Each structure stands twice: as C-alpha cells, then as structure tokens.
Amino acid sequence: MRRHMLVGGAARRLIGPFLGSPEGRPFPPNNNNNPFERSLRQLSGAGALPQLTKDRYPQVKRRDFAELNEKHLGYFKNLLGENRVITDKDECQGFNIDWLKSVRGYSQCILKPKTTQEVSEILKFCNDNRIAVCPQGGNTGLVGGSVPVFDEVVLWTGLMNDIISLDENSGVLVCQSGCILENLENFADERDLMIPLDLGAKGSCHIGGNISTNAGGLRLLRYGNLHGSVLGVEAVKADGEVIDCTSALKKDNTGYHLKHLFIGSEGTLGVVTKVAIQCPPKPRALNVAFLGLESFDDVLACLRQAKRQLGEILSSCELIDNPSLDAVTSHLNLKSPISVYPFYMLIETHGSSCDHDEEKMHGFLESCMSDGLVRDGTTTNEIGKMKAIWELRESITEGLLHDGYVFKYDISLPTREFYSLVPVMRERVKDAVRVCGYGHLGDGNIHLQVTLKEFNEEVLRIIEPFIYEYTAKLRGSVSAEHGVGFRKPKYIHYSKSPGAINLMKQLKVMMDPKGILNPYKVIP
Ligand code: FAD
Ligand code: MLT
Ligand code: ZN
C-alpha cells in the first residue's frame, strides 16, 4: 500500500479553501476542459453528426404543434430583443445535440430569457399558440431529455444566472435556475459552505437542470438527494403561471409539498426558475483512498467495513471496474496511481477533525489489508492528489465516448447484485468494444456501459429490453439518477406500477393540458 499520508501542519492545510481553488477543476465552463464543448468540437466534421432523432426513431411521430412562423419570431424578438432569439442554423446546432451525441433535433429557435417574467410570457404565448418547448440548462443530460426531438423551441436558462442571497446562519442559498453548479460551489466555498451536490458535469450543468433531473452525483451517500436539500423552488407552468414555492424554511408543512413535483420531472411539468438550497458547512478534513481489489466479493466486504469503520465521515464510496479505468487511462492519458486490478474503489471522507478522520481511515485500511480485501492502494489528503484521483473517476463518462458510441445504462440494484449484470451483458454483446460498470456503490447505483464503434440497432435490440427485464426481476430501478428523458419512457413500467404511471399522466394533463412542455419525454 502506497501512502501519501500527511500529518500535522500539512494535514491542516485542508482547512483553507479547496473547492474554490481555480486550478485543476474537472470541467470549468468556457475552457478546453469542458466536456460538452469538447464533444461539440468533435462534431465539426459533418460526418460526425448524430442521425436526426426523427430518422433514428421513426416510430415517434411529431404531434400536432404549430410550426414556427414570422409572427411567432416577431413576438419573441419583441419580448427578448434580437440578440436573445437565436435562429442562425449553426448557432442552433449545439442546442439540438445531446452530450452523448445520441439524439439530434432540428429546432430553429433558441430563446434566452433572463427573468421569471420573461419565462412566464414565453410560455403563455407558446401555450396560446400551441408551440412545443424544450427547456434546456447545461445540456449535459444523459437520456436525451435536454434537446428537441423535432422542432420544439429551446428555452435555454443560461442567462438566468443570478445568485440572489445566501443566509450564512441557515446556509440557505437562493439563486436563479441557470447558475452553473461549479459557480455555486465556488460561491459557497468562499463562505465556508458547500453545495450538497457534486458531479463530473459541474462545470457545465445548471442547478435548474440538476433539480429537474433530481441529479444524484458523487456524494449522495452522505448529503442525501435533492428532495431533501432543495428547500424551495419557483417554477413556471405551461400556461405561464408562476408557482412560487421558494420557501427557504427547513420545516413547512402547509399543505402539499409541491416543490417535489418539479424535482425530477425533467421539464415536463414546468420550467424551474429559482431555487433555494441548503448548503452544509464545508468539511475541514478530507481524505481520499484509491484501492485495488481482486473480486466483487472483496468489494462488498470492503464496503461493509467502510460503513462500519468510517461511519459518519464516509462521504463517497465509488466502484470502478478495470475496463472503465482503462477508458480514461488509454483515451485521456490519465495515470492510475496503482497497478492493474479487476476492481477499484474510491473512498472519501468528509469530517471536521484531521486527526480523528485520519485515525479512522488508517484503522479501516489496516483491517481491509489484514483481511486480504485490499491488494494495493493509495490514500491522501493532499489537495492535488485527491483531485487527480477524483479526475480518474469523473472522466470515465468522457473516456468512454472515445470508443465511438455509448449505450449508457443507469440502474439501481440490490447491493449484492450490483455488478452481476456486467458479466451477463459481456456474454450477450460479443462484438462490443467494451462492456464495463462503474458508479455509486454506496447508493446501489451502477452505470453499465456498452460501447461500440458506432450506433447499431441490432445491438440495441440485444441489450433492450433484456437489461430492463433483468433489473425488474431484481426489483431494481431502470433509471437510478439520470431520469427518463427521450430514451426510456417506454421502459418505466419496469419500475413503476400502472397506478403510479396513470397518476403521472393525470398530473401532466392537469399542469400542461396542451402537452407543450418537453413532449415525447418521460411520460410513456
Ligand atoms: P440539461 O441536460 O440541460 O437538462 C436535463 C433535463 O432537465 C431535460 O429534460 C431538460 O428539459 C430539463 N431542464 C433543464 N433545465 C430545466 C429547468 N430550468 N426547468 C425545467 N426543466 C429543465 N447525473 C447524475 O445524476 N449524477 C452524476 O454523477 C452525473 N454525472 C455526469 C457526468 C458527466 C460528465 C455528464 C456529461 C453528465 C453527468 N450527469 C450526472 C448527467 C447530467 O449532468 C445531470 O442530469 C444534470 O443534472 C443535468 O443538468 P443540465 O443543466 O445539464 O440539464
Ligand atoms: C457518473 O456517475 O459518472 C455519471 O452519472 C455519468 C455517467 O453515468 O457516466
Ligand atoms: Zn452517476
């Protein structure tokens, strides 16, 4: 076991700001490291454009929405000004293609509101004129929900990026929905607080997109999901009515908890315009361990030990299999700090006392090594080294894209069965470039990936619906954290009862009777 243990003064360096330091962020906005910008640049050759969704999925038919005309455009330009109504074909392209380059719409109009009032007026007009709308944040969604299927108008929230307030006593931050997650993180960090959500796309994704997908991320194990940490939401309904549920109170049982309708509804029930989120204090001590293990049984034993021995300071417990790590070491030229093993675990602690946390981490690692569970590993509390280890994990999504086409699955399974599907899938899809699994072991959420040189419908039929049937048999979820989007509506019955699906449909009809908000998504 290699150690990068620092004690005394060196360990205490962690007390200073770490999240806000400008260097080494995984994916800063407007920077070459931004994965979305990189993947769009790779699209510059026309041959690399993904097929239009309407051609790849001809069974999905355009609904009876209005086609955009000069009168409509005139209204939008009058409301927002010429500069915030984009109709240039090239400029529209980036808003029409998803991050995975798996779907492509042909919207000819991107709207860039700055205020809730503008969103309200846009939606009222679209509703009155039966114009379909696709809300879009950072466009990092992984289920094809963030881009139009046909010619829906894109309502982009990127200019709604004001941080409105942060109460340093309660830790409640209120902001507009288009704030980039990493900017919020930096803002909170400067005030000795943190945002309770972190994910590899933080340099591009918006808090409104995070809420609309109920994003899980890398530390859900410790900080819970957004249904808990989001205290309030302001959203605009399809008819333009503003629903103000921006309570910043921890406790508020006055009637139905309507904010939950907008958390995870993927732009189908309303456009989220403001958010109140609870920020926990920034941890004063951090440790990261990167461990090599021989078998999944050893991984499970190590997880049990981590929960028992690290207890309340355990903030993340991620699994990476060897082919997943290979995607970043071979395609992105990142270096693993340890040699090759079938499985790797990334274990992180967040606490308030360096000595206490280090002692716990040492105790945990010693028992894992003496039980023969961990074969090699490295542990560190140095900022640069922790970042480098996290970069390995956070870059897998991007590394896999370099194989060609990624069939991405995001499922919850009982922990015992967490990895069971990966070897089964390897047997089924013989000519894949790679079949691999990684993800949030501590939350029972694996990302199973099948990569090919290019999209292949036959392979798709070998994978689906098999993967969903397998998941349903184990009473898992066919979408653990990425949502349903365009890719999964016809599979949600594997995880939702007919009664629950029916209630979803009734809610949709009540809140968006003309169905203008993100049509063809989520609802089967
Ligand atoms: P978009 O992609 O723009 O939109 C996502 C959905 O929300 C769409 O249906 C869209 O219509 C809707 N929407 C967006 N903004 C609004 C709004 N203001 N009002 C109403 N609807 C809206 N996801 C995880 O859960 N965990 C992870 O760990 C994770 N890691 C990722 C790592 C990488 C490298 C990438 C590329 C993606 C990752 N994702 C992860 C997926 C994605 O980042 C999240 O789903 C994120 O929350 C999407 O935010 P966004 O602003 O990009 O939303
Ligand atoms: C992750 O955990 O890295 C994200 O959910 C993205 C992915 O599934 O690749
Ligand atoms: Zn994930």
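The following paragraphs go through a predicted model of a protein, from its overall build to a zinc site and a few individual residues.

The protein contains 20 helices and 17 strands. Its radius of gyration is 23 Å, close to the 24 Å that the globule rule gives for 524 residues, so the protein is as compact as a globular protein of that length. The C-alpha trace spans about 70 × 55 × 45 Å along the principal axes. Of the 524 residues, 58% count as buried. Contacts between residues at least 6 apart in sequence join residues at least 24 apart in 76% of cases.

The surface and the charges can be described in the same general terms. About 20900 Å² of the protein is exposed, and carbon and sulfur atoms supply 51% of that area. There are 60 positive and 63 negative side chains, and the centres of these two sets lie 3 Å apart.

The zinc ion (ligand 3) comes next. Its protein donors are NE2 of H440, NE2 of H447 and OE of E481, at 1.8 to 2.1 Å from the ion. Along the sequence, the donor residues follow the spacing H-x6-H-x33-E. Both histidines, H440 and H447, are buried.

Strand β17 covers residues 445-452, and L448 lies in it. Is L448 buried or exposed? The relative accessible area of L448 is 0%, and because buried means under 20%, this residue counts as buried. Leaving aside residues up to four places away in sequence, L448 touches F407, K408, Y409, L421, V422, M425, C436, G437 and I467. For a longer distance from this position, take K54: it is 394 residues from L448 in sequence, and the two C-alpha atoms are 26 Å apart in space.

T254 gives another case. This residue lies in the loop between β9 (242-245) and α11 (259-262). At 66% relative accessibility, T254 counts as exposed, because the cut-off for that class is over 50%. T254 and E469 are 215 residues apart along the chain, and 40 Å separates their C-alpha atoms.

Some backbone details remain. The peptide bond from E464 to P465 is cis, and its omega is near 5°. P465 belongs to the loop between α18 (457-463) and α19 (466-473).

Which sign does phi take at D192? Phi of D192 is near 65°, a positive value in a residue other than glycine. D192 sits in the loop that runs between α7 (181-190) and α8 (207-213). With a relative accessible area of 30%, D192 is partly exposed, because that class lies between the 20% limit for buried and the 50% limit for exposed.

N333 also has a positive phi, near 60°, and is a residue other than glycine. Its place is in the loop between α13 (322-331) and β13 (343-351). The relative accessibility of N333 is 57%, so N333 counts as exposed.

Notes
Residues numbered from 1 in each chain as written. Chains lettered and ligands numbered in written order. Predicted model: local features only at pLDDT ≥ 70, side-chain atom pairs only at ≥ 80, totals over all residues. Heavy atoms only, no water. Donors = N, O, S within 2.8 Å, 3.2 Å for Na, K, Ca; no water. Buried < 20%, exposed > 50% of the residue type's maximum accessible area, 1.4 Å probe, protein only. Helix = DSSP H or I, 4+ residues; strand = E, 2+ residues; numbered from the N terminus. Rg over C-alpha atoms; globule rule 2.2 N^0.38 Å. Contact = heavy atoms within 4.5 Å. Areas by Shrake-Rupley, 256 points an atom, 1.4 Å probe, with all protein chains shown as cover. Lys, Arg positive; Asp, Glu negative; His and termini not counted. Charge placed at Lys NZ, Arg CZ, Asp CG, Glu CD.
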